[in-house]
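Let's take a walk through this one together, a region at a time. Have the viewer open and follow along.

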Amino acid sequence: MKIAVAKGDGIGPEIMEAVIGIFNAAKLPLEYQYVDMGKWVFDKGFSNGMTPEAKETIENLGILFKGPMETPKGKGVKSVNVTARKTWNTYANDRKFQTLSGVDTVFSKAGVNIDLTIVRENIEDTYGGIEHMLTRDVALARRFITRGGSEQVIRYAFEMAQKKGARRITCGHKANIMKLTDGLFLEVFNEIAKEYPNLKADDVIVDDLCMKLVSRPDLFDVIVLTNLQGDIVSDLCAGLVGGLGFAPSSNIGDHISIFEAVHGTAPDIAGKNIANPTSLLLSGLNMLRHLGMMEKAALIENALLYTLESGIHTGDFGDKSIPAVNTTEFANAIIENFGKQPKHNPKPTLQDFDFLPTNSQITENPMLLSKQPYEARKILGADFFIECELQPNEIAKIALKQATDTLKLVTISNRGTQVWPTGSVYTNLVNQFRIRFETDATKALTQDSIISLYSALSKDFQISSVELLNMWGDKKAYSLAQGQ
Ligand code: NAI
């Protein structure tokens with residue numbers, strides 16, 4: 001089997017060499033095709049950080065094993081790591097965190113065993129990077145949570161939990177506040193949970209989840225979260241098991257999957273052959289298991305665990321009274337320990353299987369994710385976001401000129417808090433208001449009527465954006481203002 005390999009920047013080439021050395025010693029049936037990605041590719045003028053040949057190779061082979069990569073600062077270019085994950089729709093970021101003997105943490109010392117998998121949605125949320133300055137003082141980011149995107153990642157999490165024989169699968173969310181976005185994610189989780197009656201599925205609000213993870217991490221098994229919350233919670237979990245150096249990461253998609261270390265390029269130690277290759281090696285082991293090479297993955301992981309248990313360590317961790325080894329020596333120690341079993345948590349040797357991509361069907365055009373049918377769809381009004389320094393009562397006086405018996409001015413809010421018709425003098429204002437015109441639920445408006453209203457309002461206000469207020473069936477598809 002052929003896979004694409006990108007060595008990365010900084011310590012990337014050193015740790016990649018160490019890991020490929022371990023793979024070669026284990027006689028893996030893998031062939032490596034090296035591709036050009038990273039800082040020097042940006043420097044050559046490729047604005048996405050990869051050459052067209054690299055892109056073609058990765059798309060043909062479907063598997064990318066990569067070292068960390070640097071995004072040049074101040075050049076306005078986007079991270080090649082994020083570009084790769086998004087372009088190839090690697091929707092599930094699977095990060096495993098386990099107690100490792102030889103890596104001391106407060107939990108290992110207390111005898112609390114950690115074996116957690118965080119599945120983070122990898123494409124949507126605020127990571128769409130759709131941001132606008134609405135006024136000189138107000139920045140806005142759009143947060144997309146979609147049914148199709150949520151279904152992909154949540155289904156992956158359930159399938160993985162089932163294969164793992166997980167004790168529990170938990171949805172982390174903030175649906176108590178973000179009722180529509182996090183609410184949709186949680187709704188999809190609950191729907192999919194019904195298809196897996198043998199798995200204990202539950203949900204925890206993300207702030208409570210953080211508190212519980214740092215006090216009783218052993219109570220959790222698989223946790224699925226939206227992108228930003230998952231980003232934060234997964235680094236928190238890395239801290240529980242000894243830091244980012246011990247946290248592997250897989251980015252799973254239907255056609256292409258990317259396996260990478262989660263730490264960066266460590267420029268402070270690059271070129272010294274002292275970096276710790278464990279995170280990249282664990283990511284590589286995830287890749288072997290993804291490809292069905294269960295036996296070899298267990299052989300290498302048990303050798304790694306045995307090595308850690310015997311106190312061998314690079315300079316960034318471990319018992320300081322034992323001299324540190326360098327990257328090459330660490331890799332060689334693992335190779336020498338092939339066939340040995342660690343005392344704690346040895347990995348079972350599961351049966352190999354033939355790798356089949358989840359969905360090998362390649363279409364000519366990008367795929368449209370699932371689309372829900374509408375029942376009785378209508379427009380009830382619109383939110384106009386305006387730049388204005390007047391007081392709410394003065395804004396209302398002007399806006400009310402456009403109100404009719406059917407289309408009423410119902411609320412004005414500032415940063416989401418209602419400031420008209422009722423409000424508090426203690427609410428601080430910024431120069432960006434939302435004015436909401438709405439008709440009652442028995443009526444319906446047309447887009448043309450909203451455009452006419454836009455046109456009329458634009459004579460008095462600078463309008464930065466508009467959102468329609470939709471109603472589907474008997475359900476309003478928008479939230480109330482705080483205090484409305
Ligand atoms: P970093 O993870 O590179 O370094 C943070 C600290 O951890 C440093 O002291 C470093 O020496 C140490 N460290 C990291 N990995 C290590 C290892 N394997 N062995 C021993 N020590 C290790 O984070 P930083 O400094 O914020 O980022 C440096 C560069 O890496 C930036 O250009 C950033 O954009 C890039 N980066 C790339 C990522 C990727 O490719 N997925 C992820 C994170 C950062």
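**Two helices that cross**

Start where helix H11 (residues 294-309) meets helix H12 (residues 327-336): their axes come within 8 Å and cross at roughly 115°. The crossing of H11 and H12 is right-handed. On the H11 side, the contact is made by Ile300, Ala303, Leu304, Thr307 and Leu308, while H12 brings in Phe330, Ala333 and Ile334. Sort the residues of this contact by character and you get 7 nonpolar, 1 polar and no charged. Keep in mind as you look around that this is a predicted model.

**Zooming out**

Now pull the camera back. The protein has 484 residues, of which 48% count as buried, and it holds 14 helices and 18 strands. Along the principal axes, the C-alpha atoms fill a box of roughly 80 × 50 × 50 Å. About 23,600 Å² of the protein is exposed, with carbon and sulfur atoms supplying 53% of that area. If you take the contacts with a sequence separation of 6 or more, 77% of them are between residues 24 or more positions apart.

**The open sheet**

Next, go to the part of the chain that follows H12. In the loop between H12 and E13 you'll find Asn345. Its phi is near 45°, a positive value in a residue other than glycine. Is Asn345 buried, exposed or partly exposed? The relative accessibility is 35%, so Asn345 counts as partly exposed.

Strand E13 (377-387) belongs with strand E16 (432-438) and strand E17 (462-472) in another respect: helix H14 (residues 447-457) lies across these strands, running at about 15° to E13. E13, E16 and E17 are among the 6 strands of an open sheet, ordered E15-E14-E16-E13-E17-E18, with antiparallel pairing. As a general reminder, strands of a sheet pair through backbone hydrogen bonds, either parallel or antiparallel. Which strands sit at the edges of this sheet? They are strand E15 (417-420) and strand E18 (475-476), each of which pairs on one side only.

Have a closer look at the E15 edge. Strand E14 (residues 408-414) pairs with E15 in the antiparallel sense, over 3 bridges. One pair to pick out is Asn414 with its bridge partner in E15, Thr417. The loop between E14 and E15 contains Arg415, another residue other than glycine with a positive phi, here near 50°. Arg415 counts as exposed because its relative accessible area is 59%, and the cut-off is over 50%.

Carry on to the other end of E15 and there's a backbone feature to check: the peptide bond from Trp420 to Pro421 is cis, with omega near 5°. Pro421 lies in the loop between E15 and E16.

**A covered strand and its neighbours**

Now jump back along the chain to strand E5 (residues 115-121). This strand is mostly covered, with 6 of its 7 residues buried. E5 pairs with strand E4 (residues 92-98) in the antiparallel sense over 7 bridges, and there Asn93 stands opposite Arg120 in E5. With strand E10 (residues 222-225), E5 pairs in the parallel sense, over 4 bridges. To find that pairing on screen, select Ile118 and its bridge partner in E10, Ile223.

Helix H6 (residues 147-164) comes into the picture through Ala157, which lies in that helix. Leaving out residues up to four places away in sequence, Ala157 touches Val119, Ile169, Val222 and Val224. Why does Ala157 count as buried? Its relative accessible area is 0%, so Ala157 falls under the 20% cut-off. You can also check a distance here: Ala157 and Thr170 are 13 residues apart along the chain, and their C-alpha atoms are separated by 9.7 Å.

**One more buried side chain**

Finish at Ser283, in helix H10 (residues 278-290). What does Ser283 contact, once neighbours within four places in sequence are left aside? The list is Phe65, Pro248, Ser249, Phe259, Glu260 and Ala261. With a relative accessible area of 0%, Ser283 is buried.

Notes:
Residues are numbered from 1 along each chain as its sequence is written. This is a predicted model: local features need pLDDT of at least 70, side-chain atom pairs count only at pLDDT 80 or more; totals for chains, interfaces and linings use all residues. Side-chain values use heavy atoms; hydrogens and water are left out. Axes are lines fitted to C-alpha atoms, for helices over the stretch in contact, and angles run from 0 to 180 degrees between N-to-C directions. Helices (H or I, at least four residues) and strands (E, at least two) are DSSP runs, numbered from the N terminus. A crossing is left-handed if the near helix is turned anticlockwise from the far one by less than a right angle, and right-handed if clockwise. Contact means heavy atoms within 4.5 Å. Ala, Val, Leu, Ile, Met, Phe, Trp, Tyr, Cys and Pro count as nonpolar, Asp, Glu, Lys and Arg as charged, and the others, Gly among them, as polar. Two strands pair if DSSP finds at least two bridges between them. Buried means under 20% relative accessible area, exposed over 50%, partly exposed in between (1.4 Å probe, protein chains only). Accessible areas come from the Shrake-Rupley method with a 1.4 Å probe; for residues, only the protein chains shown count as cover.
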